[in-house]
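Here's a quick tour of one model, going from a helix to a hairpin and then to a single side chain. Have the viewer open as you read.

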Amino acid sequence: MYERMLDLSEEPACEEMTAHCGKAGALFERLNTALEGETGTPGRIRNPYGKKYGWGVEHRKGTKHICDVFPEKGALVLMRCCWQNGAYILQKRNRIKGGYK
């Protein structure tokens with residue numbers, strides 16, 4: 001099982017989250033940078049779902065929640081929100097392991 005950042009006593013810096021991903025750190029950084037460009041807003045570090053998911057980076061476009069990116073030891077989890085005709089229909093999780101070249 002992959003270890004998430006579950007210590008909720010102090011908000012981590014983005015650099016700590018990237019380092020926590022290990023070999024997947026470069027992908028974590030590039031994914032968040034690309035999403036920031038797509039949504040036009042900076043990612044926001046938050047703890048949205050309590051101890052189950054721990055700390056993550058939220059991406060929004062206006063008031064619509066696009067996704068959260070959660071760092072894990074050696075991986076990351078991308079939780080996407082899907083919208084259809086202005087209505088929220090689904091959350092989908094993808095675990096991405098390993099490094100990025």
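## Helix α2 and what follows

Right after α2 comes Gly40, with a positive phi near 75°. Bear in mind that this is a predicted model.

The helix itself covers residues 25-39, and its geometry checks out: 15 residues at 1.5 Å each should span 21 Å, and the end C-alpha atoms are indeed 21 Å apart. Its buried residues are Gly25, Leu27, Phe28, Asn32, Leu35 and Thr39. They sit on the same side of α2, because they cover an arc of only 160° around the axis. Flip to the face turned away from that buried side and you'll find the exposed residues Arg30, Thr33 and Gly37.

## The β2-β3 hairpin

Strand β2 (residues 56-61) runs antiparallel to β3, and 5 bridges join the two. One pairing to look up is His59, whose bridge partner in β3 is Cys67. The hairpin has 2 residues between its strands, and Gly62 takes a positive phi there, near 65°.

How much of β3 is buried? In this strand (residues 64-72), 7 of the 9 residues are buried, so β3 is largely enclosed by the rest of the structure.

## Val57 up close

Val57 belongs to strand β2. Its relative accessibility is 4%, so Val57 counts as buried. Beyond its neighbours within four places in sequence, Val57 is in contact with Met17, Phe28, Asn32, Gly43, Arg44, Ile45, Cys67, Asp68 and Val69. Of these contacts, Met17 lies 40 residues from Val57 in sequence, with 9.2 Å between their C-alpha atoms.

Technical notes:
Residues are numbered from 1 along each chain as its sequence is written. This is a predicted model: local features need pLDDT of at least 70, side-chain atom pairs count only at pLDDT 80 or more; totals for chains, interfaces and linings use all residues. Side-chain values use heavy atoms; hydrogens and water are left out. Buried means under 20% relative accessible area, exposed over 50%, partly exposed in between (1.4 Å probe, protein chains only). Helices (H or I, at least four residues) and strands (E, at least two) are DSSP runs, numbered from the N terminus. Two strands pair if DSSP finds at least two bridges between them. Contact means heavy atoms within 4.5 Å. The expected span of a helix is 1.5 Å times one less than its number of residues. The arc is that of the directions from the helix axis to the C-beta atoms.
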